[in-house]
Amino acid sequence: MSMLFSPVALGPRTLANRVVVAPMCQYSADGGHPTAWHTVHLGSLAVSGAGAVVIEATAVEAKGRISPEDLGLWSDAHTTSLERTLAQVRACAATPILVQLAHAGRKASTAKPWEGGEQLSPAQGGWTTEAPSALPYAAGETPPQALTAAGLDRIEHAFAAAAKRADALELAGVEVHCAHGYLLHQFLSPLSNTRGDDWGGSLENRLRFPLRVIGAVRKALPENRILGVRISATDWIPGGWNLEDCVVFTRQFKALGVDYIHVSSGGLAPEQQIPVKPGYQVPLAARIKAETGLPIIAVGLITEPAQAETILSTGKADLVALARGILYDPRWPWHAAAALGDRVSPPRQYLRCEPHALKGLFR
């Protein structure tokens, strides 16, 4: 058996293999509610052969959406609509499904990517954004409002309430989004957090609100639900959030009851200079794994089965996540198993499609 297709424990659950489908925004919701697209999209990923699927960044409040078409889980009505979608997917696949809970902060209120992704004004269906400090994401944008103490309380409650709804949906777990320049990452970076109170300034202060939210989510979830955190390990900008800061941050996760860390990078500001190449974020994942001892998901231009196997077999990470790559090839896990001489368990309806040259690939 390859490492890639060996079981792995994430807190209270054991996944059948170490391939994770990373959360990917679809910008196709209606008032935060899933549409027919989500049923098809999630259904396809759930029968891909991956060990787990993480639902896209799902807003904990309406103003926390990246775009007006983002998925949400800020009301019981959203629980009901997502439950209908999950029922359809679960009827076809037993793959564990988690949800990424998110708040976009100053990167909220934007058009869909294929419509330009620019900030929307209220007249265009947008809204006033909120952030740690009144600093816009990009030049020319309307600055966000700096969050007050009451705003911080509201957002903490929103994350915890959304986590309870995720539990009611019997999702396998929750991933808290602390990456890619969204609200919790904005608190971490000195480039976006210039507050002079207990929530800004020193590294200790900048960590405080994200850690508070993670703790609140853990308290809202029962012990049989997985809790993960997605991080940007560096801003890739001089003077910004960096790997050493991230080590201090993530060392505190185990005491909070975090079950895994999903290691990404970047997204805070347009000035970032990312050295993009295959596996470019794996060294970041390896460092966080060494410092925390928690299960680590590596992500970022991991496209080849042998590449994924090497990452795992050399101890740099415990799981690998695919995003764009599995959209391009929704049967990537099958093809990876074939390349590594391993086996997969497809839906029974697909058993007859096992290639003649790969007898034994399907269990």
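Strand E9 and strand E10 (residues 260-264) sit side by side in this predicted model, pairing in the parallel sense over 5 bridges. If you want a spot to look for in the structure, try Val229: its bridge partner in E10 is Ile261.

E9 has another neighbour too. Strand E8 (residues 173-178) also runs parallel to E9, and 6 bridges join the two. Here you can look for Glu175, which stands opposite Gly228 in E9.

Here are the two pairings in one place:

| Strand paired with E9 | Bridges | Direction |
|---|---|---|
| E8 (residues 173-178) | 6 bridges | parallel |
| E10 (residues 260-264) | 5 bridges | parallel |

So is E9 buried or exposed? Of the 7 residues in E9 (residues 226-232), 7 are buried, so the strand is largely enclosed by the rest of the structure. Both faces are covered: Ile226, Gly228, Arg230 and Ser232 are buried on one side, while Leu227, Val229 and Ile231 are buried on the other.

Now zoom out to the whole chain. There are 11 helices and 12 strands, and 59% of the 363 residues are buried. How does the overall size fit? A compact globule with 363 residues would have a radius of gyration near 21 Å, and the chain's 20 Å agrees with that. Along its principal axes, the C-alpha atoms fill a box of roughly 65 × 40 × 40 Å.

The chain also links up over long stretches of sequence: among contacts between residues at least 6 apart, 69% join residues at least 24 apart. As for charge, the mean positions of the 33 positive and 32 negative charges are 5 Å apart.

Notes
Residues numbered from 1 in each chain as written. Predicted model: local features only at pLDDT ≥ 70, side-chain atom pairs only at ≥ 80, totals over all residues. Heavy atoms only, no water. Helix = DSSP H or I, 4+ residues; strand = E, 2+ residues; numbered from the N terminus. Rg over C-alpha atoms; globule rule 2.2 N^0.38 Å. Buried < 20%, exposed > 50% of the residue type's maximum accessible area, 1.4 Å probe, protein only. Contact = heavy atoms within 4.5 Å. Lys, Arg positive; Asp, Glu negative; His and termini not counted. Charge placed at Lys NZ, Arg CZ, Asp CG, Glu CD. Pairing = 2+ DSSP bridges.
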